[in-house]
Amino acid sequence: MANLKEIRNRISSVSSTMQITSAMKMVSAAKLKKAQDAITAMRPYANKLTELLQSLSATLDEDSGSKFSVQREVKNVLIVPITSNRGLCGAFNSNIIKQTQHLISNVYAGKNVSVVAIGKKSNDAFSKQNIVIANKSDIFDDLTFNNVAEIAEELMAKFVAGEFDKIEIVYNKFKNAATQEVMTEQFLPIVSIEGEANNNADYIFEPSKIEIVEQLIPKSLKTQLYKGIRDSFASEHGARMTAMHKATDNATELRDQLKLTYNKARQAAITNEILEIVGGAEALNN
């Protein structure tokens, strides 16, 4: 059995860890509220924008294609994994890294795969494979639509220039503080839109439908990427809050066990001292 000093040091160490994890849990809970409100507020807009784009695209002729919907033989693939800049959030980052690695090793085996890393964890994971062509981890320092739009414009430019035949986004979709779903979304080319035109409505388009769609597509792509990063941002704080809550519970349990062990060891030490005193007294009497 460890001596009393060692047990006291362990109790002190575990108590300090418990205070840290508890503080991190409260910080993440405060940040989660803001991040959750942001993604909840923008989802209806993003969904409505997609719905409007689908409604208009369904009425266009097949020849009225967009430069963002060009289907090419997939040889060069770009994957955009969205992770966090920090750890201590459970399996949040590892799930994204595993899914991205699955795409590289299985889905796109034999293809030229590159990565644009959003988040230091994804950059650290894939820079070892020398496939990271850009690191956008600083986006979380000032997460605004305009800053994300710049990244989206770079991705669109690479696709239009023919550098990549397909671009996919991998991120965690926020459901609640304890649940995140790993999503793989095709960013470019635009997935063929299936739907029927609303022939019952007689709309007057100004400008033409083609021009409207050409303006909506870049806007929709920027919104899609922004929504993915916002989802990931909220998921990160939810995952960290949950992880720190479990860590605090585990530290509390370990501290209680150590205190019990300490009390038992202290009681045994006192008993031994009493026995030694009694034995010494008897020896003197004899």
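A salt bridge is taken here as a side-chain nitrogen of Lys or Arg within 4 Å of a carboxyl oxygen of Asp or Glu. In the predicted model described below, the count under this rule comes to nine salt bridges. One of them joins E154 to K136, with the closest N and O atoms 3.0 Å apart. This pair links distant parts of the chain, as E154 belongs to helix 4 whereas K136 sits in the loop between strand 3 (132-135) and helix 4, 18 residues apart. The two partners fall into separate accessibility classes, E154 being partly exposed at a relative accessible area of 36%, while K136, at 18%, counts as buried because the limit for that class is under 20%.

Helix 4 takes part in a further salt bridge through E153, whose partner is K222, and here the closest N and O atoms lie 2.9 Å apart. Once again distant parts of the chain are linked, with K222 in helix 5 and E153 in helix 4, 69 residues apart. K222 counts as buried at 17% relative accessibility, and E153 is partly exposed, with a relative accessible area of 40%.

Helix 5 is also tied to helix 1. The side chains of R43 and D231 meet in a salt bridge with an N to O distance of 2.6 Å, and this pair connects R43 in helix 1 with D231 in helix 5 across 188 residues of the chain. R43 is partly exposed at 23% relative accessibility, whereas D231 is buried, with a relative accessible area of 0%. R230, also located in helix 5, presents another situation: R230 is buried yet has no salt bridge, and the nearest side chain of opposite charge, that of D142, is 8.0 Å away. As this distance of 8.0 Å is beyond the 4 Å cut-off, D142 therefore does not qualify as a salt-bridge partner of R230. Apart from residues up to four places away in sequence, R230 touches A38, I39, M42 and L143.

The nonpolar interior was examined next. The largest nonpolar core has 41 residues, and those with the most contacts inside it are L155, I167, F187, L188, L225 and I229. Two or more residues of this core are given by each of helix 1 (4-57), strand 1 (76-81), helix 4 (145-160), strand 4 (166-176), strand 5 (179-188) and helix 5. Helix 5 supplies the largest share, namely 11 residues. A second, separate core of 12 residues includes I96, I104, Y108 and V113.

Two residues of the largest core illustrate how its parts come together. I167 touches L78, V80, L155, F159, E185, Q186, F187 and L188, when residues up to four places away in sequence are not counted. L188, placed in strand 5, is buried at 0% relative accessibility, and, leaving aside its neighbours within four places in sequence, L188 is in contact with F68, L155, M156, F159, K166, I167 and L221. The C-alpha atoms of L188 and E168 are separated by 7.0 Å, although these two residues are 20 residues apart along the chain.

Several features of the backbone deserve separate mention. Most residues other than glycine have a negative phi, and most peptide bonds are trans. Against this background, the peptide bond from L188 to P189 is cis, with omega near -5°, and P189 is placed in the loop between strand 5 and helix 5. A positive phi of about 60° is found at L88, which is not a glycine; L88 lies in the loop between strand 1 and helix 2 (92-107) and, at 55% relative accessibility, counts as exposed. N130, likewise not a glycine, has a positive phi of about 55°. N130 lies in the loop between helix 3 (120-127) and strand 3, and is exposed at 69% relative accessibility.

On the surface, I270, I274 and V278 form a nonpolar patch with about 230 Å² of accessible area together. I270 is found in helix 5 (residues 209-285) and is partly exposed, with a relative accessible area of 37%. Because patch residues must have over 30% relative accessible area, the 37% of I270 satisfies this requirement.

Conventions:
Residues numbered from 1 in each chain as written. Predicted model: local features only at pLDDT ≥ 70, side-chain atom pairs only at ≥ 80, totals over all residues. Heavy atoms only, no water. Patch = residues over 30% accessible without salt bridge, like charges linked within 9 Å, V, L, I, M, F, W, Y side chains within 5 Å. Areas by Shrake-Rupley, 256 points an atom, 1.4 Å probe, with all protein chains shown as cover. Helix = DSSP H or I, 4+ residues; strand = E, 2+ residues; numbered from the N terminus. Buried < 20%, exposed > 50% of the residue type's maximum accessible area, 1.4 Å probe, protein only. Core = buried A, V, L, I, M, F, W, Y, C linked by side-chain atoms within 4.5 Å. Contact = heavy atoms within 4.5 Å. Lys, Arg positive; Asp, Glu negative; His and termini not counted.
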